[in-house]
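Trainee: Could we go through this model together, with the reasoning behind each term spelled out as we go?

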Amino acid sequence: MSEKKSNSKKHMLTYKGKPIVRNGNTIYYGDMSDDYVAMLQILSTKQFNDIEMANKVSVQIIATNTELKLKDRIIKKTEKNGLYEAINIASIWLERISEE
């Protein structure tokens, strides 16, 4: 059983060393064992040639402490144009908050 877990982590998609997990239009960026993770929600998309790309993306830094109310878990939030801008600001915010 532990072999499967460690093997699946090897194939996990990451960005700057942090895992990325997508569920529908929601992307979680960061390790759930850390104090904070980023939640990116794709609000709208646009067509580029034959590819559907994220256009508007909501970014929220949330505390992983499940004892807090969801409203109290949201630390920062913004909206960005495109997935790259969204994940880039999420990465910066997570890095800064871990240094505090």
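Mentor: Read from the N terminus on, the elements of this predicted model run α-β-β-β-β-β-α-β-α, and the protein has three helices and six strands.

Trainee: How do you know that strands β3 and β4 are paired?

Mentor: Two strands pair if DSSP finds at least two bridges between them. Four bridges join β3, residues 26-29, to β4, residues 36-48, so the pair meets that cut-off. The two strands run antiparallel, and within this pairing I27 stands opposite L40 of β4. Six residues lie between the strands of this hairpin, where G30 takes a positive phi near 125°.

Trainee: What makes β4 and β5 a pair as well?

Mentor: The cut-off of at least two bridges applies here too, and β4 and β5, the latter covering residues 51-63, pair in the antiparallel sense over 12 bridges, so they count as paired. One of the partnerships joins Y36 to A63 in β5. The hairpin that β4 and β5 form has two residues between the strands, and N49 in the turn has a positive phi of about 55°.

Trainee: Why is Q60 called buried?

Mentor: Buried means under 20% relative accessible area, and Q60 has a relative accessibility of 13%, so Q60 counts as buried. This residue lies in strand β5, and, leaving aside residues up to four places away in sequence, Q60 touches V37, A38, M39, I74, K76 and K77.

Trainee: What makes a residue pair such as Q60 and I74 a contact?

Mentor: Contact means heavy atoms within 4.5 Å, and Q60 touches I74, so the two residues have heavy atoms within that distance. For the protein, among contacts between residues at least 6 apart in sequence, 36% join residues at least 24 apart.

Trainee: How many of the residues count as buried in the protein?

Mentor: The share is 30% of the 100 residues. The protein exposes about 7,500 Å², and carbon and sulfur atoms supply 49% of that area.

Trainee: Where does the predictor's confidence stay under 50?

Mentor: The pLDDT stays under 50 over residues 1-7, and for these residues the model has zero contacts beyond four places in sequence. Over the protein, the average pLDDT is 89, with 90% of the residues scoring at least 70.

Methods
Residues numbered from 1 in each chain as written. Predicted model: local features only at pLDDT ≥ 70, side-chain atom pairs only at ≥ 80, totals over all residues. Heavy atoms only, no water. Buried < 20%, exposed > 50% of the residue type's maximum accessible area, 1.4 Å probe, protein only. Areas by Shrake-Rupley, 256 points an atom, 1.4 Å probe, with all protein chains shown as cover. pLDDT = per-residue confidence, 0-100.
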